[in-house]
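Trainee: Could we go through this structure together, asking at each step how a description is justified?

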Amino acid sequence: MEPNTLASTTRRQAPRIGDLPVVPEEAVQASAGQAAPSGAASVLVPGVKPGDVRLAPGVHEGGNGRGTARANGNGNGNGHAAAATWPGLVRPVAAPAHVLPLYEAPVDRGLYLRFGKRLLDVVGASIGLLLASPVLLAAAIAIRLESRGPVIYRSMRVGKGARPFPFFKLRSMVDGADRHRHALAHLNETDGPVFKIASDPRVTRVGRLLRVTSVDEIPQLWNVIRGEMSLVGPRPPIAEEVMQYEPWQLRRLDVLPGITCLWQISGRSRIGFQEWMRLDLEYIKHRSFWLDLKILIRTIPAVLSREGAY
């Protein structure tokens, strides 16, 4: 049973992830189309209104990085087809449709969610970057002295509406650490699709200090200024994790991801994946200025205590 945690919403479709289009349960009869000549995955879904099928962005090796989904407008084969194409996480072969129920998606109501939250993000992130600049400079020097590689680690994350964006952190691992992730999969200490190791051998000595103090997260203030993230919101996942989400967990992609949220102030890595997802949906349900302010204030002692940080 999935949590019923969304309010102040409007009915629409959940986002599509990769080459798995999201369609309502009443339109389950979907057929996988042939892969397009360019290598894109194409799925024809009868009985789905135009715009109901969307492609989520991401990164995948192989193919041309684009996918197309088509929905027949009236379900009888005579309607106009709706097409949606995103730079996407698509396989170069056709795949069956991934069926999700219709659900109530959150709507930004009130002055704060429509205007105030963005204002708080820009002002808060700008002040934060200014105040943290000496710390960033010291951390950058330490990173360069200890190991080869860039100071800033850049990876693609899945944001609001399943759109990809470049995610910035101070590099806390050896350069090229991503290439060794699958070799260390058996050491994973968390449940669900996320990957975390308390004593990850890829983390450098400087990186370990940056992680437990959360200093490595400071560059994400730039993501906030760019409008890709918010100060408060669910943490942005990688595409590989999103592909393994249960249907109800996709709802966390309906809002901008954030630097901190209920998960960060409730124990972080000490919390199981299902509870983490539930907390994110609770935040989405109750978003307000006072909740954001409460989370931001409680993030300070949570960072200082280093609970669940590694």
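**A pocket and a buried threonine**

Mentor: Let us begin with the second largest pocket of this predicted model, where the lining residues divide into 9 nonpolar, 3 polar and 11 charged.

Trainee: Which residues lie nearest the centre of the second largest pocket, and how many residues line the pocket?

Mentor: The lining has 23 residues, and those nearest the centre are Asp108, Lys160, Val255, Leu256 and Arg287. Asp108, Lys160 and Arg287 count as charged, whereas Val255 and Leu256 count as nonpolar. Helix H1 gives the most to this lining, with 6 residues, and the volume of the pocket is about 360 Å³.

Trainee: Why is Thr204 called buried?

Mentor: Its relative accessible area is 10%, and buried means under 20%, so Thr204 is called buried. Thr204 is placed in the loop between E10 and H2.

Trainee: What makes the pairing of the side chains of Thr204 and Glu146 a polar contact?

Mentor: The two side chains are joined at 3.2 Å, and the cut-off for such a pair of N or O atoms is within 3.5 Å, so the distance satisfies the definition. Leaving aside residues up to four places away in sequence, Thr204 also touches Ser147, Ser172, Met173 and Val174, in addition to Glu146.

Trainee: Which residues of helix H2 are buried, and what do they pack against?

Mentor: In H2, which spans residues 205-212, the buried residues are Val206, Gly207, Leu210, Arg211 and Val212. These buried residues pack against helix H1, strand E10 and helix H6. Just after H2, Ser214 takes a positive phi of about 65°.

How values were computed
Residues numbered from 1 in each chain as written. Predicted model: local features only at pLDDT ≥ 70, side-chain atom pairs only at ≥ 80, totals over all residues. Heavy atoms only, no water. Buried < 20%, exposed > 50% of the residue type's maximum accessible area, 1.4 Å probe, protein only. Helix = DSSP H or I, 4+ residues; strand = E, 2+ residues; numbered from the N terminus. Contact = heavy atoms within 4.5 Å. 1 Å grid on protein atoms, 1.4 Å probe; cavity = no way out; pocket = protein on both sides within 12 Å on 5 of 7 lines; lining within 4 Å. Points joined across faces, edges and corners; volume = space filled by probe spheres on them. Polar contact = N/O pair within 3.5 Å; in protein donor to acceptor, adjacent residues only side chain to side chain.
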